[in-house]
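Student: I am new to this structure and would like a close look at a single part, followed by a walk through what surrounds it. Could you take it slowly?
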Number of protein chains: 4
Amino acid sequence: MIIFMDRKLRMGMIGGGEGAFIGEIHRIAARMDGQIELVCGAFSSNPAKSKRSGESLYLPFDRIYDTYQDMIEKESSLSEAERMDFVSIVTPNHVHFDPAKQALEHGFHVVMDKPITFDLNEARKLKQTVDDTNLILCLTHTYTGYPMVKEARQLILNGALGDIRKIYVEYPQGWLSTLLEATGNKQADWKTDPDKSGMAGCMGDIGTHAANLAEYITGLEITKLCADINTVVEGRKLDDDGSVLLKFNNGATGVLFASQVAAGEANNINVRVYGETGGIEWKQEEANKLQVKWQDKPAEIRRTGNDKNYLSGMALHNTRLPAGHPEGYLEAFANLYRNFALMVKARIEDKQPKQEWLDFPGVYEGIRGMLFIEKVIESGNSDKKWIGLS
Amino acid sequence: MIIFMDRKLRMGMIGGGEGAFIGEIHRIAARMDGQIELVCGAFSSNPAKSKRSGESLYLPFDRIYDTYQDMIEKESSLSEAERMDFVSIVTPNHVHFDPAKQALEHGFHVVMDKPITFDLNEARKLKQTVDDTNLILCLTHTYTGYPMVKEARQLILNGALGDIRKIYVEYPQGWLSTLLEATGNKQADWKTDPDKSGMAGCMGDIGTHAANLAEYITGLEITKLCADINTVVEGRKLDDDGSVLLKFNNGATGVLFASQVAAGEANNINVRVYGETGGIEWKQEEANKLQVKWQDKPAEIRRTGNDKNYLSGMALHNTRLPAGHPEGYLEAFANLYRNFALMVKARIEDKQPKQEWLDFPGVYEGIRGMLFIEKVIESGNSDKKWIGLS
Amino acid sequence: MIIFMDRKLRMGMIGGGEGAFIGEIHRIAARMDGQIELVCGAFSSNPAKSKRSGESLYLPFDRIYDTYQDMIEKESSLSEAERMDFVSIVTPNHVHFDPAKQALEHGFHVVMDKPITFDLNEARKLKQTVDDTNLILCLTHTYTGYPMVKEARQLILNGALGDIRKIYVEYPQGWLSTLLEATGNKQADWKTDPDKSGMAGCMGDIGTHAANLAEYITGLEITKLCADINTVVEGRKLDDDGSVLLKFNNGATGVLFASQVAAGEANNINVRVYGETGGIEWKQEEANKLQVKWQDKPAEIRRTGNDKNYLSGMALHNTRLPAGHPEGYLEAFANLYRNFALMVKARIEDKQPKQEWLDFPGVYEGIRGMLFIEKVIESGNSDKKWIGLS
Amino acid sequence: MIIFMDRKLRMGMIGGGEGAFIGEIHRIAARMDGQIELVCGAFSSNPAKSKRSGESLYLPFDRIYDTYQDMIEKESSLSEAERMDFVSIVTPNHVHFDPAKQALEHGFHVVMDKPITFDLNEARKLKQTVDDTNLILCLTHTYTGYPMVKEARQLILNGALGDIRKIYVEYPQGWLSTLLEATGNKQADWKTDPDKSGMAGCMGDIGTHAANLAEYITGLEITKLCADINTVVEGRKLDDDGSVLLKFNNGATGVLFASQVAAGEANNINVRVYGETGGIEWKQEEANKLQVKWQDKPAEIRRTGNDKNYLSGMALHNTRLPAGHPEGYLEAFANLYRNFALMVKARIEDKQPKQEWLDFPGVYEGIRGMLFIEKVIESGNSDKKWIGLS
């Protein structure tokens, strides 16, 4: 860890109360490196639940708020030595835009879960606010936080594979193989509800991760797509599956598929990229391994490890342990928080950030994700073969 | 091996002379179980080359022919005790139809390489000849010969996964990442030449294998497709890459991709099928392993082994060795020859064949393959989203 | 997380200053669940270094101590509302016994790194102190913290494999393939120095982990061993490699090997156990996977995931994430801290602990480890075939 | 295939009749490349069974013999143009020596199954006969026939790993986890019978394979061993399990274990070798893959493929297919027959053999195996720690 400030950053959380999944993930990620402390929160739209949640997190009673509006306002009025530095927004999609906008407008940096907003229009407005306030926004596309994803990106950007020709990205899950939302499952409930998730289900929840991973790892942009979008489980209100043909801005082509009805799969996001001389393959469930396959040499297995000198600086910066000590999802998530924290500290102390600290997703990736959602759903409903993204 | 005839079957070969790849594969496959002997051949359109090839295979001089026409005629005139029982056709695609038709019309059964013919029209005419002659035709879609593919098919047909919802089939290769056909490589030369291969390159050579595997393993039929077909390497005359969205006759959807420019990949055909309760995954490069993933139970690894009682009879019938003794591509290929031989022997001896012997691809699969080729190329050239297969 | 106390536990650290490896691991592990806060430390025998280390951890100046003796004494004199609850000892082996003993005698619980002490005699004396003070001691045999290790143990204890017959445990590393201690590497320096490590190098550092894993996962005890102990790299003062034949108290036999000169290996601890009907295999570098191989059924792959109902309660209690979200070394380490914390809180609040909380290594495992070290080195030097452990 | 003779070699088989396992393996291996034809056999000590077996192999009635003595004598009296060139001996161990000796003394080359003889004394006498007759003897240590084993050997002999320090070789099987010999299983019956197998069970059947693999792949010799030999299943007459500490003639050390009671394992022979700079790992059940792990570079995966130019000539010579087309146990076995056949042909035609053809196990490896058996059993019964092999 690079440290140059004499205190931890102070985080306030919006959402993530009892029964939530992603809130505790964010808190562990924020805690991991000892650079951030949770100082306040509005953990639920239900004030009693917010209180209980805050108490279980050992927060002082007066820093547990009934609403995020309340939190943002009251924290603003605290002294600089006391008030939170940033908010972490971990609510369902329909409660992303407003708290983010308010936080920014009150001078707080923002970490927020993806997809960035409820729809593309909100995303564009939020970009305006980020631009206007010149504050820092981190969007938690977790999979970009893995060291071996960063290694793959560096290999590709450095031209090790030659021009990129093919990109295959997949995200099969099986957890929505049945009508789970009918059983009271909290995650299934909001993720399949168009009023909370937006126009897409599977494509918004995990399709955006896949699209982001494809663009991040290659440095390319999807320019056209052709989608087959399905609602496989009867009674479901949003898509739970889709397959998409892709065209990229350098002429490469590819396939993206995401499914939440691939029974037996857990969280098997993976990506393959092929260039003129070789290809890479990364599977999140074996996250510490990056396969590099060459047309004319033996395949390589690169592995995480902060003692592996053959790895890129970008990979090493995002690795905590020596080789052979597996790191996982929480560490990848913590890398987003760590780089965000380094940037916020640099801002506070008016220092020059390093290249490595800038490497986390933000509002640009947020807009790309919302554009993907809009166009992939449009394509799914269309008889036209190719739909442009622009 | 089940044996009930007092002699080996006699095979004549068309094609497969010096420098050919697939001819020796067919010969090893035919030899493996000691039920078939090569008795004659027309190994090349170049008579001197045919002679040299036949001699190196220890054939008597008078059974090495200058042309296949010559072979078919002269063998017909030999005594029943001497003449070949069947021909094996291992020539490029444009020399499939005529030798097959002539062989059948002279009373010889046929084994032939895929795709079955140069175009769909020829395939339909060949079906007529098969129907008219009532002889046996085996089309070497090799991958259906693997025991674990048969195991997967049995699991699916028996309903172990519930209704099938998703099918992903892939066939990445890297060998045509450069303009190999400009270097004098014999395989690359004819496989990228529209006069020898037909209207498709990659889609004909390996796309058909992938489509066949998807249909074989599920017992379903592709009804619609939407394809992105590419010629990635400059100067190439046929497609070397393609990705296809699929719809199946039970309502399932899927993706097929095949590429010969996936640099670093060798022959990585693989398939995943998901039903209501679980999924299967099979990768040819780890052919002895079948993964079965369940939504509510630990995943299973099934492995080849004629001592593994949990395997289906269909898998066991196509396995030569106890568990832990890997079988490979040649054994899968030999399974096609073995089942074909068992059927031919049953025909000769007028015995009732067993269900297991019938389980090899024939003229139906050949027509499905040609239909796939025509439609996938049509779709690649079309702005229409979905093209029907019928 | 189960929480029932109204504050975090307070930790003081001994060792783990600048340049140390394992200190930050302990701190991350302690931080991860938000139940423990670092309140003080004596991070180095060099006071200036201790200060710098404490400041970089945002500790108040007056809680950064020059020596551990100082820390223990001064913390003892603080009010109950302020003083640390326990110490975490992360010094080289020769500075384990004294701080642990002093901490216990001043009423502080202890977490400490393995091996427990410099020699067996110290370990026995420390056991006496633990018994006398009735305080809680956690020894960080990290690998027992992995959920799939716990799952394997439960399968075995529940008799799923029948009587245990064979145990193979391995720990190959390659980092000492050269005379690294001659280059100023801090870890290599003390780990190969008999004055700091004790009588064993490789066997003490990682052999003890392997022996502990074998005993933990089976619930058995090693009763006899026969060792081949080597110093492979010239100039090294302690063993860097060894292989050991094992006999267990139920009649099972096995092999343990550990090496720090297996060039190319990182941290590849793994274990296989076979019983009458099947076996298990776990590899730390693929920690989220447990293979269960059956003689008469397909092999199973069990995977971590707090939503995997087929897993044992013991595995689920030690899992933070849903299936498909890899957990790693830090989470395994944090499980030790979490269970220790739950036990300490139960003690403070005088509540009944749950079975799951008791499941971490302590002084018994510490003595087993020291006994292993003494006997394995004795065997390495002996012409006698079998040496008893008792 | 390199071919320079105008006919196939002629093989006679001893043993391998109905119900045998390894006989058909030998026949497939011999057939595979079309260079060898089975011309006669004495397939069983039961003449009626021998007849039935020979008929099912389409042999002429007069070349199916009642006894091997009869076969050797009668074939000797046939014309050079007709008589067999060599015998293949696939009987239980107690019927190895005599037929091999008689065949050699009648001028026939020999292929025979391992272990070479019933005891070391017989092996030494057989070596004398081989020396006296100057004929060719191939001992089917199958695992040395795999291309990736040859690749590993070449890497090691070429010094790619530096001096060799550690060798771990394992052979776990589970098929004798129960008292299978009490159920009428033919293989189990003779392999656990000291009158047929010799002094060792597991150590003779598979321990010798492991020892041979370790010596072959490294080019080293075991000089000392210390063994723990067990009979795990009650009622069994020979060992079914053992673990052995090894010392090699260059100072390297290692471990060998073999077990037939590792329930759940099929035929999992594997080997790891570590030198100064890296290590190799090969697992027979994933035979087409060779892992090469480097201390300072990414690990490599080498794969079979006669189009993989990075492989050694020795590996390429023993490969039939392009990369991505898996080869297996039968192909490895066939490599032994192929190299033997090339050597016999070279002898017949008085040509200079190539280096690659010489690369198969013979009487030297046979004596090494018998020495291993004698010493490992002696060690298992001894209180002495180390037993020398000499």
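Student: Between which strand and which helix of chain A is the loop that holds Pro115(A)?

Tutor: Pro115(A) sits in the loop that runs between strand S4 (109-112) and helix H5 (120-133) of chain A, where helices (H or I, at least four residues) and strands (E, at least two) are DSSP runs numbered from the N terminus. This is a predicted model, in which local features need pLDDT of at least 70 and side-chain atom pairs count only at pLDDT 80 or more, while totals for chains, interfaces and linings use all residues. Residues are numbered from 1 along each chain as its sequence is written, chains are lettered from A and ligands numbered from 1 in the order in which they are written, and side-chain values use heavy atoms, with hydrogens and water left out.

What marks this loop is its backbone: the peptide bond joining Lys114(A) and Pro115(A) is cis, with omega about -10°. In chain C, the bond from Lys114(C) to Pro115(C) is also cis, with omega near -10°, and Pro115(C) lies in the loop between strand S4 (109-112) and H5 of chain C.

Chain C lets us follow the surroundings further. Thr140(C), found in the loop between strand S5 (137-139) and helix H6 (147-157) of chain C, has Lys114(C) among its contacts, a list that leaves aside neighbours within four places in sequence and also includes Met112(C), Asp113(C), His209(C) and Phe333(C); contact here means heavy atoms within 4.5 Å. With Asp113(C), the side chain of Thr140(C) makes a polar contact of 3.3 Å, a term for a pair of N or O atoms within 3.5 Å, of which, within protein, one must be able to donate a hydrogen and the other to accept it, residues adjacent in sequence counting only if both atoms are side-chain atoms. Thr140(C) counts as buried because its relative accessibility is 0%; buried means under 20% relative accessible area, exposed over 50%, and partly exposed in between (1.4 Å probe, protein chains only). The helix that follows this loop, H6(C), is mostly covered, with 10 of its 11 residues buried, among them Pro147(C), Met148(C), Arg153(C) and Ile156(C). Just after H6(C), Gly159(C) has a positive phi of about 85°.

On the other side of the proline loop, H5 (residues 120-133) of chain C packs with H4 (residues 97-105) of chain C at an angle of about 10°, the axes being 10 Å apart; such axes are lines fitted to C-alpha atoms, for helices over the stretch in contact, and angles run from 0 to 180 degrees between N-to-C directions. H4(C) and H5(C) are therefore roughly parallel, since angles under 35 degrees count as roughly parallel, over 145 as roughly antiparallel, 65 to 115 as roughly perpendicular and the rest as oblique. Residues that make the contact include Phe97(C) and Leu104(C) of H4(C), with Leu126(C) and Val130(C) among those of H5(C). By class, this contact has 5 nonpolar, 2 polar and 4 charged residues, where Ala, Val, Leu, Ile, Met, Phe, Trp, Tyr, Cys and Pro count as nonpolar, Asp, Glu, Lys and Arg as charged, and the others, Gly among them, as polar.

H4(C) also has a partner in helix H3 (residues 68-77) of chain C, the two axes coming within 10 Å and crossing at roughly 5°, which makes H3(C) roughly parallel to H4(C). Here Tyr68(C), Gln69(C) and Ile72(C) in H3(C) meet Asp98(C), Pro99(C), Gln102(C) and Ala103(C) in H4(C).

In chain B, the loop after H5 also deserves a look. Asn134(B), in the loop between helix H5 (120-133) and strand S5 (137-139) of chain B, has a positive phi near 55° although this residue is not a glycine, and at 51% relative accessibility Asn134(B) counts as exposed.

Finally, a word on how the chains relate. A rotation of 180° with 0.0 Å of shift along its axis superposes chain A on chain B, with an RMSD of 0.0 Å, the copies being superposed by least squares on the C-alpha atoms of residues with pLDDT of at least 70 in both. These two copies are thus related as by a two-fold rotation axis, and in chain A the C-alpha nearest that axis belongs to Lys385(A), 2.2 Å from it.
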